[in-house]
Protein chains: 2
Amino acid sequence: MTTIKDIARTAGVGVGTVSRVLNNTGYVSEETQQKVWEAVQHFQYVPNGAARALVTKRTMAIGVVLHDLTNPFVPSLARGIEDEARRHGYTIMLLDTDWQTENEVQAINIVRQQSVDGVILVSPANAELLVKQLQDAETPVVVIDRGEESGISHITVDHYKGATEAIAWAKHQGHTRIGFLAGPRKLRFADLRLRAYLDNMGWTDIAVEEVDQRPDLPIARADFLFEPGRLATEALLRTHPDVTCIFAANDLSALGALRSLAQQKIRVPEQVAVIGFDDILTASLVHPTLTTIRQPVYEMGVAGARLLIGRIHNEDSSMEQLTFDLTLIVRESC
Amino acid sequence: MTTIKDIARTAGVGVGTVSRVLNNTGYVSEETQQKVWEAVQHFQYVPNGAARALVTKRTMAIGVVLHDLTNPFVPSLARGIEDEARRHGYTIMLLDTDWQTENEVQAINIVRQQSVDGVILVSPANAELLVKQLQDAETPVVVIDRGEESGISHITVDHYKGATEAIAWAKHQGHTRIGFLAGPRKLRFADLRLRAYLDNMGWTDIAVEEVDQRPDLPIARADFLFEPGRLATEALLRTHPDVTCIFAANDLSALGALRSLAQQKIRVPEQVAVIGFDDILTASLVHPTLTTIRQPVYEMGVAGARLLIGRIHNEDSSMEQLTFDLTLIVRESC
DNA sequence: CTGAAAGCGCTAACAT
DNA sequence: ATGTTAGCGCTTTCAG
């Protein structure tokens, strides 16, 4: 392994000088620079990041803690983060948690140990705790997509408004009896979407926790997943056969609804219309194509990385909160 | 920032002892261990990875260089790699290259600088060069999915055999006029799938490079993508209206075919059947569901990580080549 | 403008 | 069984 000493020796200079030309810091004569670069070329020398990190306290790496890379909208997010990070010379350290709180805690320890310069938390189950731990370790953090949060930098979208737009569109299409495929209980942004549905349907006095005890409402739990979405749709249509439109809290469950309807030979959107939420890739690949609310996922990733890097470079920058707009994407299903 | 010295001081022992209990190496009395752990707890101490890496020459990180995280089958692969890596205490450093050769080269420099313990290259465009650079730097490498390769550790599937099985199934279903949606030119495994198609259709004497000059053959380029797949299907059906089955070189283009057929009100599989390749998530979500050849992507990721880690721990382990089996997944489209 | 030297936090001998 | 010490490869004063 070639070190800075080897370079210094072959270039006939001191290690300090080599360091200076490598980092382009301080004055070094044109001539000397030449000699150093030649030696670098010759040995295909790359400085040792660990040694550098030890003295500079910067690893040029940022940790990205997310629940599940295979969740359809995560890759775009990760890509946005990575692209922006790379533009600033940062590398990504990726950690999946599988929604397990214990894995989240472990992830934090890993990023602490690897001494990343900052961390992006994607929809953490336990944001408060994790953020606190990181802040204690003086590591900048940015949270993406957790619904409202206070006192920490975060990127999110206005779930409530997006769901409201979806319902507005359904009504505009003439639907009045609109069913809802709800997400998991106790997930912040799932509740926000549900809340918007209830409010816009005129059920403002019904609490989100209450819906599971209200079989009279055209609401079924689909837990953001495909198969549960399919089953929930079957159940919903059985108990509420008058429904003409189904609004799913996310695309995956909307896809499940589409499948259920196809199996029952119910025409979409003529007999029953469907609206999703997220605009994952598959939404535009199915038949009929899915009308949905698009989250600018890639851009959120970019913004998250940018925000984090800003905080890394300027510790005292004020907490920033960024809320992205959602867009109704009208396709065939509604 | 608390260091090992702080721990040593508060525990009333030397730094060597602290190191010993932290790494569980050498004998330390039960009593002393207690004191050390208490101090560790108290300070929420986590050892500095950079300092550790500097002396041990191991970062416990592995680099994963892939072309595009948003490509549908990549997340599963990455997940497999990460899960297995984590089981061994390794962390993932992720680099996208977007298929750009220059990004690949840059990625190699980054992993060299960050001194990862090993690298996994996923379908690199320029395998030979990258592997050589890494080997010069004495970094273990494993390549995933490049078709045949020699002299380097790699994981792949038998693309030829998989495509052969697909055609066999189509024939078994009674199809004789089978069209093909080819992948990009000059991509090793795309050519293998094409070769298998040609051979099984009896065109053994036609070279894969030749097909673009043979409009008489029922073959169209879909470049592994959705929209090109849709267009290629339209074109194919126009020039070869007698085709009763379309075999697409990957699922994304098969999905394009499905869309094209739906638009033309051609019933699948009654009038025209479709077979894909890969078995990405969407394949089971569309209507009709897609018959396809499954690649055990997650398992390949796991195997790749395991192979790499084996090589990290035992430099002189012989190169291993692992070929996974493909499975025909029969669904509705054929 | 450049060389020499002092650490960064940790592990791994080496003493004791 | 445990304290002490010499680096790991690099950046950054500090002289000159």
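These exercises work through a predicted model of two protein chains and two DNA strands.

Local features here need pLDDT of at least 70, side-chain atom pairs count only at pLDDT 80 or more, and totals for chains, interfaces and linings use all residues. Residues are numbered from 1 along each chain as its sequence is written, while chains are lettered from A and ligands numbered from 1 in the order in which they are written.

**Exercise 1. The two copies**

Task: Find how chain B can be laid on chain A.

Solution:
- Two copies of a chain are related by a rotation about an axis and a shift along it.
- Superpose by least squares on the C-alpha atoms of residues with pLDDT of at least 70 in both copies.
- Chain B then falls on chain A with an RMSD of 0.1 Å, after a turn of 180° and a shift of 0.0 Å along the axis.
- The two copies are thus related as by a two-fold rotation axis.

**Exercise 2. The interface**

Task: Describe the side of chain B that touches chain A.

Solution:
- Count contacts (C-beta atoms, placed from the backbone, within 7 Å). 38 residues of chain B are in contact with 38 residues of chain A.
- List the elements; helices (H or I, at least four residues) and strands (E, at least two) are DSSP runs, numbered from the N terminus. On chain B, α4, α5 (74-87), β2 (91-96), α6 (101-113) and α11 (251-263) each supply at least two residues.
- Sort by class: Ala, Val, Leu, Ile, Met, Phe, Trp, Tyr, Cys and Pro are nonpolar, Asp, Glu, Lys and Arg are charged, and the others, Gly among them, are polar. This side of chain B has 19 nonpolar, 13 polar and 6 charged residues.
- Look at the strands; a pair needs at least two DSSP bridges. Strand β2 (residues 91-96) of chain A is joined to β2(B) by 3 bridges, and the two run antiparallel. A:I92 stands opposite B:L94.
- The copies meet through the same surface, because 100% of the interface residues of chain B are also interface residues in chain A.

**Exercise 3. A covered strand**

Task: Is β3 (residues 118-122) of chain A mostly covered or mostly open?

Solution:
- Apply the cut-offs: a residue is buried if 20 or more other C-beta atoms, placed from the backbone, lie within 10 Å of its own. It is exposed with 12 or fewer, and partly exposed in between.
- The strand is mostly covered: 5 of its 5 residues are buried.
- Check each face. A:G118, A:I120 and A:V122 are buried on one side, A:V119 and A:L121 on the other.
- Find the partners. Strand β1 (residues 61-66) of chain A runs parallel to β3(A), with 4 bridges. A:G63 stands opposite A:V119.
- Strand β4 (residues 141-144) of chain A is also parallel to β3(A), again with 4 bridges. A:L121 has A:V143 as its bridge partner.

**Exercise 4. The DNA surfaces**

Task: Which residues are closest to DNA strand C and to DNA strand D?

Solution:
- Use the cut-off: a residue is near a strand if its C-beta atom, placed from the backbone, lies within 6 Å of it.
- DNA strand C is surrounded by 28 residues; the closest are A:G14, A:G16, B:T3, B:I4 and B:A51. The classes are 14 nonpolar, 13 polar and 1 charged.
- DNA strand D has 29 residues around it, the closest being A:I4, A:G16, B:V13, B:G14 and B:G16. The largest share, 6 residues, comes from α2(A).

**Exercise 5. One residue**

Task: Is A:T17 buried or exposed?

Solution:
- Place A:T17 first: it is in helix α2 of chain A.
- A:T17 counts as buried because it has 20 C-beta neighbours inside 10 Å.
- Leaving aside neighbours within four places in sequence, A:T17 is in contact with A:V28, A:T32 and A:V36.

How values were computed. Contact = placed C-beta atoms within 7 Å.
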